[in-house]
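Please open the model in your viewer and follow the stops below in order. Each one says what to select and what is found there.

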Amino acid sequence: MKGDAPARTRNIGIMAHIDAGKTTTTERILFYTGVSHRLGEVHDGNAVMDWMEQEQERGITITSAATTCFWKEHKINLIDTPGHVDFTIEVERALRVLDGAVAVFCAVGGVEPQSETVWKQADRYRIPRIAFINKMDRSGADHLRVIDMMKTRLQTNPVLLQIPIGSEENFQGVVDLISRKAVLFEDESMGMTFTVSDCPAELLEDAELAREKLVESICELDDGLLERYLEGDTDIPAQVLYSTIRKGTVALKITPVLIGAAFKNKGIQQLLDAVVEFLPSPLDVPPIQGKDANGRAVERDVNGPFAALAFKVMNDPYTGNLTFLRIYSGTLAAGSSSYNANSDKKERVGRLLKMHANQREEIKEATAGDIVAALGLKHTKTGDTLADGDHPLVLESMEFPEPVISVALSPKSQDEVEKLSRALGRLLREDPSLKVRVDRETGETILSGMGELHLDIVADRLVREFGVEAIVGEPQVAFREALTKAVKIPYRHVKQTGGKGQFAEVVIEVEPAHRGIGLEFVDKITGGAIPKEYIKPVEEGVRSAMESGVLAGCPVVDVKVTLVDGKHHEVDSSEMAFKTAGFMAFRQACEKGAAVILEPIMDVEVVVPGEFLGDVLGDLTSRRGKILGMESRAGIQTVGVRVPLARMFGYATDLRSLTQGRASFTMRFSHYEPAPQSVTEKVIEQFKKSGGAHGQGEV
């Protein structure tokens with residue numbers, strides 16, 4: 001098939017803030033590449049890539065959808081990702097397996113909070129990007145302001161490749177600065193057709209100034225070109241500019257910027273040209289890094305033995321789990337076996353599918369650079385590596401954020417208990433940002449996620465996909481506990497009941513660790529004081545104890561536990577004995593380690609008309625908000641603030657009433673920090689009153 005060679009493959013994602021026009025841009029790409037024969041619209045609920053019922057009802061993207069399309073003899077594997085902060089995990093796992101990305105910005109809103117979040121995620125994975133400034137036909141559109149925001153907020157080097165012809169509702173097309181040609185989109189065809197002509201006379205001067213700036217930026221990427229430019233040769237051939245822009249993009253030195261209006265079909269074909277021209281193929285990215293069976297660092301290029309990363313598991317009501325794979329090297333055939341290096345199990349691939357949103361096409365094999373879905377994998381979860389059994393390796397997995405909000409789930413009848421358990425098991429395998437635990441005291445199932453919308457969607461899916469009727473409690477803040485001083489705890493577990501006894505002795509040093517680490521467990525046992533087979537059970541006991549702290553039953557986070565000494569008995573020691581010792585030793589450490597309650601703090605950005613600014617600031621301050629900064633533009637104020645999540649319930653309603661419905665806000669998790677004494681006392685009091693409903697509360 002045309003474009004199947006790795007050199008002619010592009011693995012790209014579309015990423016943006018919510019409402020920047022990301023899914024509309026994707027729908028237009030599918031239309032122009034022939035995958036879709038109609039134009040799907042988000043607001044009509046018929047966007048091809050938003051195929052879930054919940055997506056169509058709410059007009060948002062919830063799950064990343066994968067598709068394959070072709071443009072100018074190139075294969076493009078495309079993933080449309082969500083813009084809502086509650087589903088940032090979908091962006092994270094998509095970026096982990098992509099080679100390039102298109103960042104969509106609204107020409108009016110510019111660089112918005114979630115734009116910054118996904119940009120930083122792409123920075124972490126070193127993903128080359130091109131930018132598409134969308135909605136150039138909107139009132140207030142200003143592409144130059146967006147470029148300035150990209151420089152200041154994203155710390156990137158944007159290079160403008162086009163200037164607009166007309167502005168706002170009179171936006172008609174673009175001048176391509178490399179070719180010096182005008183591209184005019186015909187309104188009669190809703191922008192679907194365009195003509196290429198010479199640059200309009202009234203724009204010649206602006207175009208030449210912009211081209212000179214472009215050439216200067218590009219020449220700085222190449223010493224030979226720079227020397228040529230400094231000697232006065234500014235008329236660099238188009239093909240030289242194209243190849244230098246590509247090199248600079250792949251090396252993350254520049255971000256090419258294009259402009260358009262996706263809803264009006266303006267600029268999409270040119271965006272596709274840029275994807276093919278500037279974004280990397282699987283051959284352009286460095287070999288993937290991993291570790292072999294002995295923990296040694298290894299790398300694998302496209303020609304090496306088979307290796308793939310499972311980046312998403314999706315529940316399918318008809319075929320079971322679909323496992324999405326990015327193949328980094330070698331070939332995977334339908335019906336073949338591979339080795340899961342994370343679970344140490346063999347897996348057999350039943351069928352291989354090329355996906356188009358929720359449609360699929362069966363294929364016989366997949367090669368390096370492909371993104372496919374596999375059926376039949378029983379032990380593979382998100383982040384696992386599949387590899388050739390004779391050449392195993394583990395690829396670097398993904399980081400998943402800690403959930404900050406929880407609800408209690410109770411099945412409506414005893415018959416539903418098993419169904420709820422099975423359904424949650426499948427959802428957890430699919431979505432690693434969800435966490436489930438059973439409250440030891442109340443027996444309730446506590447489901448934790450990234451936000452109210454996230455948990456609302458999960459509850460909806462339990463009913464629609466799994467047929468589980470559950471009583472869902474009110475959303476509660478997921479508080480945490482942490483230690484503030486180091487302690488050393490010896491603990492001896494001895495139990496004699498007539499038969500075989502239980503014996504385990506451990507000495508652990510527990511100290512606070514930096515935020516976000518969870519648990520760092522260090523084994524410093526020497527001389528066989530504790531046999532190796534009992535070390536892991538000690539760690540398991542500690543992890544079990546961390547699920548419920550001593551102040552208010554909240555999970556304990558961010559500790560370093562060092563196992564320094566201990567004793568065992570040849571007959572009476574067992575894994576269970578050492579797990580119990582680890583559990584009890586850590587509980588004692590919590591009691592002596594000056595534990596504190598941590599609360600989740602959110603980054604909030606409020607966009608508000610100037611006349612309501614005072615009321616909004618006063619309200620945010622009353623919620624214990626700390627103002628980080630303000631930015632003014634055309635009578636609109638943008639306020640950045642950090643607020644405890646516990647004080648943000650119902651904020652959408654309050655903000656509407658304060659501003660006559662004219663303000664909006666976005667919110668994303670920032671970090672955990674120690675709660676004030678008044679909050680700590682309330683959380684502990686609520687815990688005692690509830691009889692032990694752990695780790696959550698509303699203050």
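Select arginine 623 and show everything around it. Leaving out residues up to four places away in sequence, Arg623 touches Val643, Pro644, Arg647, Met648, Phe649, Tyr651 and Asp654. The arginine lies in the loop between helix 14 (613–622) and strand 36 (626–633). Is Arg623 buried or exposed? Its relative accessibility is 7%, and because the cut-off for buried is under 20%, arginine 623 counts as buried. Now draw a distance from Arg623 to Met648, C-alpha to C-alpha: it comes to 7.5 Å, for two residues 25 apart in sequence.

Keep in mind throughout that this is a predicted model.

**Whole chain**

Zoom out and colour by secondary structure. The protein has 39 strands and 16 helices. Of its 699 residues, 55% are buried. Taking contacts between residues at least 6 apart in sequence, 72% join residues at least 24 apart. Switch to a surface display: the accessible surface is about 30000 Å², and carbon and sulfur atoms account for 49% of that area.

**Helix 1**

Select residues 22–32, which form helix 1; 10 of its 11 residues are buried. Which residues are these? They are Lys22, Thr23, Thr24, Thr25, Thr26, Glu27, Arg28, Ile29, Leu30 and Tyr32. Move on past the end of the helix to glycine 34, which follows helix 1 and has a positive phi, near 85°.

**Second largest cavity**

Next, turn to enclosed space. Rolling a probe the size of a water molecule over the atoms shows where empty space is left. Counting cavities of 30 Å³ or more gives 2. Go to the second largest cavity, which holds about 50 Å³ of space. To see its lining, select Ala66, Thr67, Thr68, Asn77, Leu78, Ile79, Phe324, Met355, Ile371 and Val372. Which elements give two or more residues to this lining? They are strand 2 (65–71), strand 3 (74–80) and strand 22 (371–375).

**Alanine 308**

Select alanine 308, in strand 14 (residues 307–316). Its relative accessible area is 0%, so alanine 308 is buried. Setting aside neighbours within four places in sequence, Ala308 is in contact with Leu325, Arg326, Ile327, Tyr328, Asp384, Thr385, Leu386 and Leu395. Add valine 97 to the selection: along the chain, valine 97 and alanine 308 are 211 residues apart, yet their C-alpha atoms are separated by 9.6 Å.

**Serine 281 and lysine 264**

These two stops lie on either side of a helix in the chain. Serine 281 sits in the loop between helix 9 (268–278) and strand 12 (288–291). With 2% relative accessibility, serine 281 counts as buried. What does Ser281 touch, not counting residues up to four places away in sequence? The residues to display are Pro6, Ala7, Thr9, Arg10, Asp99 and Arg246.

Then select lysine 264, in the loop between strand 11 (255–259) and helix 9. At 30% relative accessibility, lysine 264 counts as partly exposed. Draw the C-alpha distance from lysine 264 to phenylalanine 185: the two are 9.3 Å apart in space and 79 residues apart in sequence.

**Around arginine 126**

Show side chains for the next stop. Arginine 126 is in the loop between helix 4 (113–124) and strand 5 (129–134). Its phi is near 55°, a positive value in a residue other than glycine. Arginine 126 is exposed, with a relative accessible area of 58%.

Two charge-over-ring arrangements can be picked out here. The charged end of arginine 124 sits over the ring of tyrosine 125, 5.5 Å from the ring centre. Arginine 129 lies over the face of tryptophan 119, at 4.4 Å from the centre of the ring. For rings paired with rings, the structure holds 8 aromatic pairs.

**Glutamine 660**

Finish at glutamine 660, in the loop between helix 15 (651–659) and strand 38 (664–674). Phi of glutamine 660 is positive, near 55°, in a residue other than glycine. Is glutamine 660 buried or exposed? With a relative accessible area of 63%, glutamine 660 is exposed.

Conventions: Residues numbered from 1 in each chain as written. Predicted model: local features only at pLDDT ≥ 70, side-chain atom pairs only at ≥ 80, totals over all residues. Heavy atoms only, no water. Helix = DSSP H or I, 4+ residues; strand = E, 2+ residues; numbered from the N terminus. Buried < 20%, exposed > 50% of the residue type's maximum accessible area, 1.4 Å probe, protein only. Contact = heavy atoms within 4.5 Å. Areas by Shrake-Rupley, 256 points an atom, 1.4 Å probe, with all protein chains shown as cover. Phe/Tyr/Trp six-rings, centres within 6.5 Å; stacked < 30°, edge-to-face > 60°. Lys NZ or Arg CZ within 6 Å of the ring centre and 35° of its normal. 1 Å grid on protein atoms, 1.4 Å probe; cavity = no way out; pocket = protein on both sides within 12 Å on 5 of 7 lines; lining within 4 Å. Points joined across faces, edges and corners; volume = space filled by probe spheres on them.
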